[in-house]
Amino acid sequence: MSIAILPMSQQYGWSSQTVGFVQSSFFWGYLLTQVLGGIWADKFGGKLVLGLGVVWWSMATAFTPFAVKMGLPALLASRALMGIGEGVAMPAMNNLLSRWVPVAERSRSLALVYSGMFIGSIVGLAASPAMIAQFGWPSVFYVFGSMGLLWYSVWSSRAASTPSDDPNISHAEKAYILANTSVSGKATRSIPWGKLLSRKEVWAIILCHFCHNWGTFILLTWMPTYYNQVRFIGLVFGTVLVAGVRDLG
């Protein structure tokens with residue numbers, strides 16, 4: 001959206017305030033499912049929650065060009081719905097990693113998995129201008145939405161929430177994983193919010209996460225606009241600069 005918003009705003013004559021609403025509407029939904037995603041993953045399994053989240057936000061992404069034609073309220077709703085789907089991704093991924101990856105290997109696996117998000121952002125930023133120039137801005141939403149649905153078709157047939165749910169894993173590997181993970185596999189009936197929020201370590205993590213997300217999403221959502229409208233840099237070269245800054249960040 002941070003790339004496509006430039007030709008979209010020009011086509012529909014949106015003001016900077018309207019562009020800001022469109023950009024921020026994603027986070028309205030994203031905030032709603034951060035905690036719920038973890039609760040659902042514990043209850044229903046990370047495979048199901050992550051898979052349905054990807055399907056949800058992929059369909060919302062592909063629907064975006066139609067929502068634009070319906071009007072600004074429909075677009076804001078579509079973006080918020082996309083945020084709702086994407087909000088479960090982080091909690092579900094952490095749930096899966098806690099059940100599949102032995103404690104001694106967890107930091108390395110977390111770094112590998114989370115690096116995929118940064119690589120995806122770089123590839124998406126780099127590919128979008130050429131797609132827009134060749135096929136128009138709606139193509140970005142159709143292509144990336146379709147890719148999410150294609151991913152789900154593979155994910156649903158190959159993934160499992162826990163080693164115990166995977167029929168293809170060997171008994172030796174299953175025994176090793178279960179013996180070296182600290183998760184019982186049972187959903188927690190109640191969350192000790194009081195104890196969690198009374199710990200300074202928890203607040204330190206919250207503060208660090210907030211600062212990281214603030215910087216990251218400011219770069220992702222507004223730097224293409226800054227390069228294009230303030231520095232008068234073309235869309236293609238501007239997104240290369242954004243991708244480079246995103247990579248360094």
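Which residues does Met-8 touch, not counting residues up to four places away in sequence? I opened my notebook with this, keeping in mind that the model is predicted. Looking it up, I found Met-8 in contact with Met-1, Trp-14, Val-68, Leu-75, Trp-137 and Phe-141, once residues up to four places away in sequence are set aside.

**Entry: the cores**

I then asked where Met-8 stands in the packing, and found it named with Ile-5, Trp-14, Val-22 and Trp-137 as the residues that touch the most other members of the largest nonpolar core, which has 19 residues. I noted that at least two residues of this core come from each of helix 1 (5–12), helix 2 (16–30), helix 5, helix 7 (106–135) and helix 8 (138–158). Apart from this core I recorded another, of 16 residues, with Val-49, Leu-50, Ala-92 and Ala-159 among them. I add a general remark for context: in soluble globular proteins, nonpolar side chains tend to be buried together.

**Entry: Arg-79**

I next looked up Arg-79, which lies in helix 5, covering residues 72–87. Is Arg-79 buried with or without a salt bridge? I found that Arg-79 is buried and has no salt bridge, the nearest side chain of opposite charge being that of Glu-86, 7.3 Å away. Since a salt bridge needs a nitrogen and a carboxyl oxygen within 4 Å, I did not list Arg-79 with Glu-86 as such a pair, given the 7.3 Å between them. Leaving out residues up to four places away in sequence, I wrote down Met-1, Val-22, Ser-25 and Phe-26 as the residues that Arg-79 touches. Met-1 is also on the list for Met-8, and Val-22 is one of the core residues noted above.

**Entry: salt bridges**

How many salt bridges does the count come to? I recorded three.

For Asp-42 and Arg-99, I noted a salt bridge whose closest N and O atoms are 3.8 Å apart. This pair links distant parts of the chain, with Asp-42 in helix 3 (residues 34–44) and Arg-99 in helix 6 (residues 89–100), 57 residues apart. On accessibility, I entered Asp-42 as partly exposed because its relative accessibility is 30%, and Arg-99 as buried because its value is 10%.

For the other pairs, I found the side chains of Arg-199 and Glu-201 meeting in a salt bridge at 3.4 Å, N to O, and Lys-200 forming a salt bridge with Glu-201 at 3.8 Å between the closest N and O atoms. Arg-199, Lys-200 and Glu-201 are thus entered as linked in a network of salt bridges. I checked the accessibility of each residue: Arg-199 is partly exposed at 46%, Glu-201 is partly exposed at 37%, and Lys-200 is exposed at 67%.

**Entry: aromatic rings**

I counted 10 aromatic pairs in the structure. Phe-26 and Tyr-30 form a stacked pair, with 5.4 Å from centre to centre and 25° between the planes. Both residues lie in helix 2, four residues apart, or about one turn of the helix, and I noted Phe-26 and Tyr-30 as buried. I looked at Trp-151 and Trp-155 next, whose ring centres are 5.0 Å apart with planes at 15°, so this pair is stacked. Trp-151 and Trp-155 both lie in helix 8, also four residues apart and about one turn of the helix. Trp-151 counts as partly exposed because its relative accessibility is 34%, whereas Trp-155, at 18%, counts as buried. Finally, I wrote down one aromatic cluster formed by Phe-26, Phe-27, Tyr-30 and Phe-217.

**Entry: Ser-16 and the chain as a whole**

I found Ser-16 in helix 2, where it counts as exposed because its relative accessibility is 59%. Its C-alpha atom is 9.9 Å from that of Thr-225, although the two residues are 209 residues apart along the chain.

For the whole chain, I recorded 12 helices and zero strands. I noted that 39% of the 249 residues count as buried. Among contacts between residues at least 6 apart in sequence, 74% join residues at least 24 apart. I closed with the surface: the chain exposes about 14,400 Å², of which carbon and sulfur atoms supply 68%.

Key:
Residues numbered from 1 in each chain as written. Predicted model: local features only at pLDDT ≥ 70, side-chain atom pairs only at ≥ 80, totals over all residues. Heavy atoms only, no water. Buried < 20%, exposed > 50% of the residue type's maximum accessible area, 1.4 Å probe, protein only. Lys, Arg positive; Asp, Glu negative; His and termini not counted. Contact = heavy atoms within 4.5 Å. Core = buried A, V, L, I, M, F, W, Y, C linked by side-chain atoms within 4.5 Å. Phe/Tyr/Trp six-rings, centres within 6.5 Å; stacked < 30°, edge-to-face > 60°. Areas by Shrake-Rupley, 256 points an atom, 1.4 Å probe, with all protein chains shown as cover.
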